[in-house]
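Trainee: I would like a close look at one small part of this model, and then at how that part fits with the rest.

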Amino acid sequence: MTSTYTGGTSNDLMTDYVGQQIRAINPKRVVDFGAGLGKMGSICRQLMGDNAHLIAVEGCEATAGDLSASGIYNRVDFDMIEDWVLDNTDRCDLAIFGDVLEHLTRRQAIAVLNQTLTFASNVVINIPLRNLRQDGAETNVLEEHHGYFTERSFDRGFFVREKHVTSPSAGYSKMNVWITGRRRFRLKNAIKGMLLYHFGRPARVALEKLGYDGYVAG
């Protein structure tokens, strides 16, 4: 059952949710996508100790080097998320996307999640909501935001076990989601494609109001 929480004043809430989810999953093998400073990996290591095998996937070469030196992870892969998920052949208990999917387009993010769920039993996501503009930094162009997400973005396509929405500051909302599988769309992809082709943006808006993803899987 999906539980939704609205409120809160600190990103520490998101960390608490992730910690609770890690305890419930009790993973032995974890992949941390867009690992950044290693915050999610550190939470896993603190809770699971040496029992967990942690893999970091990071697209910024300098950051990947720092992660390797940190000692948090058993392995650090310097790779783009959308490429890594296609090449991976190993199963894992948990995949974490901590503030990273917004750096992909929505279509890319949904495709990555679909592929991830072919090898991961659980997916935990932390993500800012709506179109919060952020440009890439000189040291890491991957920091630019490309995706627009709302509280319902994952509801139709995936089995959502938990959902938590918080407002750390005025005008800024974040969402934590625990996903355990993929749904089959009742509306066939070909029909969606035809509607979008003939009616464009009005069709996309109507689909999303009905709770369907307004994008066609590639």
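Trainee: What is the relative accessible area of Asn26, and does that make the residue buried, exposed or partly exposed?

Mentor: The model is a predicted one, so read what follows as a description of that prediction. Asn26 has a relative accessible area of 40%. A residue is called buried under 20% and exposed over 50%, so Asn26 counts as partly exposed. Asn26 sits in the loop between α1 (12–25) and β2. The backbone there has a feature to note: phi of Asn26 is near 55°, which is positive although the residue is not glycine.

Asp99 can be set beside it. Asp99 also has a positive phi near 55° without being a glycine. Its place is the loop between β5 and α5, and a relative accessibility of 30% makes Asp99 partly exposed. A glycine with positive phi can be found too: Gly71 follows helix α3, and its phi is near 80°.

Now follow the chain on from Asn26 into β2, which covers residues 29–33. This strand runs parallel to β5, and four bridges join the two. One of the pairings is between Phe33 and Phe97, which is the bridge partner of Phe33 in β5. On β5, five of the five residues are buried, so the strand is largely enclosed by the rest of the structure. Leu94, Ile96 and Gly98 point one way from β5, whereas Ala95 and Phe97 point the other way. β5 also pairs with β6, again in the parallel sense and over four bridges. In that pairing, Phe97 stands opposite Ile125. To get from β5 to β6 the chain passes through α5, and this β-α-β crossover is right-handed.

Helix α5 holds residues in quite unlike settings. Thr116 lies in this helix and is buried, with a relative accessible area of 0%. Beyond its neighbours within four places in sequence, Thr116 is in contact with Phe33, Val85, Ala95, Phe97 and Val123. Arg107 lies in α5 as well, but at 43% relative accessible area Arg107 is partly exposed. The C-alpha atom of Arg107 is 9.9 Å from that of Tyr148, a residue 41 places away along the chain.

Several of these names return in the largest nonpolar core. This core has 32 residues, and those with the most contacts inside it are Phe33, Phe97, Leu101, Ile125, Phe154 and Ile179. Elements that each supply at least two of its residues include β2, β5, α5 and β6. The biggest share comes from α5, with four residues. For one member in detail, take Ile179: apart from neighbours within four places in sequence, its contacts include Leu117, Val123, Ile125, Phe154 and Phe158. A separate core has 21 residues, among them Ile43, Leu54, Tyr73 and Val76.

For a second helix, look at α3 (residues 61–70), where Thr63, Ala64 and Leu67 are buried. Seen down the helix axis, these residues fall within an arc of 100°, so they line one face of α3. That face packs against β3 and β4 (75–78). Glu61, Ala62, Asp66 and Ala69 are exposed on the other side of the helix.

Last, the whole chain. It contains six helices and eight strands, and from the N terminus the order is β-α-β-α-β-α-β-α-β-α-β-β-β-α. Of its 218 residues, 45% are buried. Among contacts between residues at least 6 apart in sequence, 66% join residues at least 24 apart. The accessible surface comes to about 11400 Å², with 50% of it belonging to carbon and sulfur atoms. Back at the starting point, Asn26 lies in the loop between α1 and β2 and is partly exposed, while the strand pairing with β2, namely β5, has five of five residues buried.

Key. Residues numbered from 1 in each chain as written. Predicted model: local features only at pLDDT ≥ 70, side-chain atom pairs only at ≥ 80, totals over all residues. Heavy atoms only, no water. Core = buried A, V, L, I, M, F, W, Y, C linked by side-chain atoms within 4.5 Å. Buried < 20%, exposed > 50% of the residue type's maximum accessible area, 1.4 Å probe, protein only. Contact = heavy atoms within 4.5 Å. Areas by Shrake-Rupley, 256 points an atom, 1.4 Å probe, with all protein chains shown as cover. Arc of directions from axis to C-beta. Pairing = 2+ DSSP bridges. Right-handed = clockwise from strand over helix to strand, strands pointing away.
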